[in-house]
Amino acid sequence: MASTRPPLDPQKQWVLVDTDTGLDDAHSLLYLLAQPDVEIVGITTIYGNTPVEDSARNVRTVLRLAEREDIPVHLGEYAPLEGEASIADFVHGVDGLGDRFERAELRVEDETAVDYIVRIANEHPGRVDLHPLGPLTNIAKALERDPELFLKYRSVVIMGGAGPYPAPGGATLTDANTANDRRAAEIVFGAANRGNVVMVGVNVTATAILDEHVYASLRAIDTPWAQFSAGVLDAYNDFYQYKWGRRISSAHDGLSTVILHRPEIVTGWIEGPVDVTPYGGSLATRVALTNDGLPLVWGTPDGAVTRAVTSFDATQFRRRFVHALAYGTSRAPLDPAGRAAPSGWANGRPAGE
């Protein structure tokens, strides 16, 4: 099928989302769809939280809710470059949305996700932000097709990895997105870039907590948008309640998406090459520097530099994110003017300013 949509608005921030649409991914899509200054140019899907076909159905479900079914959806890879896919149905349910919603039909473009990712970069060099939210298989395959891919995207903001090595005594964290396809992670973080690749890792996303008050606030708003957002959060809390003994959860994808859109909420980061190291039966994808920015004792490898977020303004994140989940497009966004990225931030000032 071929999507029909109006021309892209040159005054907006153009975003291509690559997602394994589970529960927190759905929230990320809703956040972007609520922003009048954001144009989602297309969405590519990947396995991970759910199989790739379910990921595409879940994207369609979110787009139907937002009345944006004109946005093209492209089907991506079914499995990692090496080995079998690991599906997180124990977190996101069998269908990826907690098995509690009536979902849209599977409807995707004829063009594959990998072809689309490469084509958009070449048609609009320096204009589009690439936003991977799942395993990096689609992105790695696109890089194999075009090794200069990241030089053509305005920014590449990745939810994955774990930031720098932890401080002494701190816990080493691993994330499902890079662990799901180690070879893809090595290709992506090793690819040539122009200082525009940003890692939003579990070192920071784990602290982006949506608490009981957030759920209660969403449930109290009697609109389809808020009720869907509340249902997604409730399903996510079904899993996370066993981590903290409370019905609260981490907005992993949500934080990365707000940072993509509003980089001024970032208060700290570290830069360096990335290594992918086996740890505790999983993989830790980290900037190859100590927590205080020093070389590793066995030597810090050469390679492409990634900027990893280490801290953020939690109050600003939460007010922006929850406002979007609660009101969607029915209310004006918070502080629509005057955005500015931190000095030296990878993707500069958002488009249209």
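**Notes on the fold, its cores and some loop positions**

1. Let me start with a loop: E67 sits between α2 (52-65) and β3. Keep in mind that this is a predicted model. The backbone at E67 has a positive phi of about 55°, even though the residue is not a glycine. Is E67 buried or exposed? Its relative accessibility is 70%, and the cut-off for exposed is over 50%, so E67 counts as exposed.

2. D99 belongs in the same conversation. This residue also is not a glycine, and its phi is positive, about 55°. You'll find D99 in the loop that runs between α3 (89-92) and α4. With a relative accessible area of 46%, D99 is partly exposed. If you go through the backbone angles, I'd put E67 and D99 on the list to look at.

3. Now the chain as a whole. There are 13 helices and 12 strands in the protein chain. Its radius of gyration is 19 Å, close to the 20 Å that the globule rule gives for 353 residues, so the chain is as compact as a globular protein of that length. Along the principal axes, the C-alpha trace spans about 55 × 50 × 45 Å. Take the contacts between residues at least 6 apart in sequence: 81% of them join residues at least 24 apart.

4. On burial and surface: 57% of the 353 residues count as buried. The chain exposes about 13600 Å², and carbon and sulfur atoms supply 52% of that area. As for charge, I get 31 positive and 46 negative side chains, with the centres of the two sets 5 Å apart.

5. The cores deserve a look. In soluble globular proteins, nonpolar side chains tend to be buried together. Here the largest nonpolar core has 65 residues, and L255 and F317 are the ones that touch the most other members. Which helix gives this core its largest share? That would be α11 (residues 224-244), with 9 residues. There is also a second, separate core of 36 residues, which includes L149, Y153, F189 and L283.

6. Zooming in on F317: leaving out residues up to four places away in sequence, F317 touches A208, L210, A251, G254, L255, V258, I265 and F312. L255, then, appears both among the contacts of F317 and beside F317 as a residue touching the most other members of the largest core.

7. Helix α4 (residues 113-123) is another good place to stop. Its buried residues are A113, V114, Y116, I117, V118, I120 and A121. What covers them? The cover includes the strands β1 (13-19), β2 (38-45), β3 (73-74) and β4 (128-132), along with the helices α5 (137-145) and α6 (149-152).

8. Staying with α5, that helix holds T137. The relative accessible area of T137 is 0%, and buried means under 20%, so this threonine is buried. Apart from neighbours within four places in sequence, T137 is in contact with I46, Y47, E77, A79, P80, L81, D181 and A184.

9. Loops are not always on the outside, and P263 makes the point: its relative accessible area is 1%, so it is buried. P263 lies in the loop between α12 (252-261) and β9 (266-272). From P263 to V73 the C-alpha distance is 26 Å, with the two positions 190 residues apart in sequence.

10. N193 is a loop residue as well, located between α8 (182-190) and β6 (197-200). Not counting residues up to four places away in sequence, N193 touches F150, L151, A304 and V305. The C-alpha atoms of N193 and P80 are 23 Å apart, and the two are 113 residues apart in sequence.

11. Last one: T290, in the loop between β11 (282-287) and β12 (306-312). At 23% relative accessibility, T290 counts as partly exposed, and the buried category ends at 20%. Which residues does T290 touch, setting aside those up to four places away in sequence? They are P164, Y165, I270, P295 and L296. A308 is 18 residues from T290 along the chain, and their C-alpha atoms are separated by 13 Å.

How values were computed
Residues are numbered from 1 along each chain as its sequence is written. This is a predicted model: local features need pLDDT of at least 70, side-chain atom pairs count only at pLDDT 80 or more; totals for chains, interfaces and linings use all residues. Side-chain values use heavy atoms; hydrogens and water are left out. A nonpolar core is a set of buried Ala, Val, Leu, Ile, Met, Phe, Trp, Tyr and Cys residues joined through side-chain atoms within 4.5 Å. Buried means under 20% relative accessible area, exposed over 50%, partly exposed in between (1.4 Å probe, protein chains only). Helices (H or I, at least four residues) and strands (E, at least two) are DSSP runs, numbered from the N terminus. Contact means heavy atoms within 4.5 Å. The radius of gyration is taken over C-alpha atoms; the globule rule is 2.2 Å times the number of residues to the power 0.38. Accessible areas come from the Shrake-Rupley method with a 1.4 Å probe; for residues, only the protein chains shown count as cover. Lys and Arg count as positive and Asp and Glu as negative; His and the chain ends are not counted. The place of a charge is taken as NZ of Lys, CZ of Arg, CG of Asp or CD of Glu.
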